[in-house]
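Reader: I am new to this structure and would like a close look at a single part of it. Please take one pair of aromatic rings and then work outward from there.

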Amino acid sequence: MTLVPEPPARVMVIHPLVVRLTHWINAVAVFCMLFSGWAIYNASPLFPFAFPKWATLGGWLGGAIAWHFAAMWLFALNGLVYVAYGLASRHVARTFLPLSPGAVWRDAKAALTFRLAHRLGQYNAVQRLAYAVAFLLGALLLASGVALWKPVQFQGLAALFGGYEWARRVHFCAMAGLVGFIVLHLALVLVVPSTLRAMITGRARVTPSETQA
């Protein structure tokens, strides 16, 4: 039997410029919202703990609120740009679909047995589910945040959350879920550091077998 050598890997664009820009802008906005939000939380805690001062932003309550709303607008506008581009270019459909319970279960089992292959620019079903949850958490944070910001003007929205105090709890839980996603995201970057380089340059070396998979 004659072995045919596989063609060499070639450099491909796997993350378009708009995706990279919105990713990094989103990272800045999210971390500013988190750190300023923790300062706001410390001014009126929901639970018997407070965030350390080094993990807060704004210096005082008024400053934290200013940072929080500035980052919120950046987060919302940046998200609109990403969604508009993703729908128009079909980036969302190519990257995050299809998604089914069967595929999630299959890839989860493969991941637990260390048999799940990773291909740059392609998300497995577990990753697609994680991103879907992150998108939903982001929308929930914006909706509950608006209800907290203008509880009288948007009293119908506040009522959907069960009132102002319950909106605070929903906002906090959505924040905690997003932090969990960020921790998982950063852990995967540490495991596969080439994903960070690809998100910076947009390019990666891909073998023909990976492009056909």
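Author: The part chosen here is in helix α5, where Tyr131 and Phe135 both lie, 4 residues apart, or about one turn of the helix. The model is a predicted one. In general, a pair of aromatic rings is described by the distance of the centres and the angle of the planes. A search of the whole structure finds 17 aromatic pairs. For Tyr131 and Phe135 the centres are 6.3 Å apart and the planes make an angle of 45°, so the pair counts as tilted, the class between 30 and 60 degrees.

The two residues can also be described by their exposure. Tyr131 has a relative accessibility of 15% and is therefore buried, since the limit for buried is under 20%. Phe135, at 41%, counts as partly exposed because this value falls between 20% and 50%.

Aromatic residues also come together elsewhere: Phe31, Phe35, Trp38, Tyr41, Phe47, Phe49, Phe51 and Phe172 form one aromatic cluster.

Helix α5, which spans residues 125-149, also takes part in the largest nonpolar core. That core has 27 residues, and Val30 and Met175 touch the most other members. Besides α5, at least two residues each come from α1 (17-43), α2 (61-88) and α7 (164-191). The largest share, 8 residues, is supplied by α1. Apart from neighbours within four places in sequence, Val30 has contacts with Phe75, Leu178 and Ile182. There is also a second, separate core of 5 residues, with Leu148, Ala158, Phe161 and Ala167 among them. In soluble globular proteins, nonpolar side chains tend to be buried together.

Next comes the packing of α1 against another helix. The axes of α1 and α8 (residues 194-201) come within 8 Å and cross at roughly 110°. The two helices are therefore roughly perpendicular to each other, the class that runs from 65 to 115 degrees. On the α1 side the contact is made by Arg20, His23 and Trp24, and on the α8 side by Leu196, Ala198, Met199, Ile200 and Thr201. Sorted by class, this contact of α1 with α8 has 5 nonpolar, 2 polar and 1 charged residues.

A last residue to look at is His91, which is placed in helix α3 (residues 91-96). With a relative accessible area of 7%, His91 is buried. Leaving out neighbours within four places in sequence, His91 is in contact with Val19, Tyr82, Tyr85 and Gly86.

Notes. Residues are numbered from 1 along each chain as its sequence is written. This is a predicted model: local features need pLDDT of at least 70, side-chain atom pairs count only at pLDDT 80 or more; totals for chains, interfaces and linings use all residues. Side-chain values use heavy atoms; hydrogens and water are left out. A nonpolar core is a set of buried Ala, Val, Leu, Ile, Met, Phe, Trp, Tyr and Cys residues joined through side-chain atoms within 4.5 Å. Buried means under 20% relative accessible area, exposed over 50%, partly exposed in between (1.4 Å probe, protein chains only). Contact means heavy atoms within 4.5 Å. Axes are lines fitted to C-alpha atoms, for helices over the stretch in contact, and angles run from 0 to 180 degrees between N-to-C directions. Angles under 35 degrees count as roughly parallel, over 145 as roughly antiparallel, 65 to 115 as roughly perpendicular and the rest as oblique. Ala, Val, Leu, Ile, Met, Phe, Trp, Tyr, Cys and Pro count as nonpolar, Asp, Glu, Lys and Arg as charged, and the others, Gly among them, as polar. Rings of Phe, Tyr and Trp (its six-membered ring) pair if their centres lie within 6.5 Å; planes under 30 degrees apart count as stacked, over 60 as edge-to-face and the rest as tilted.
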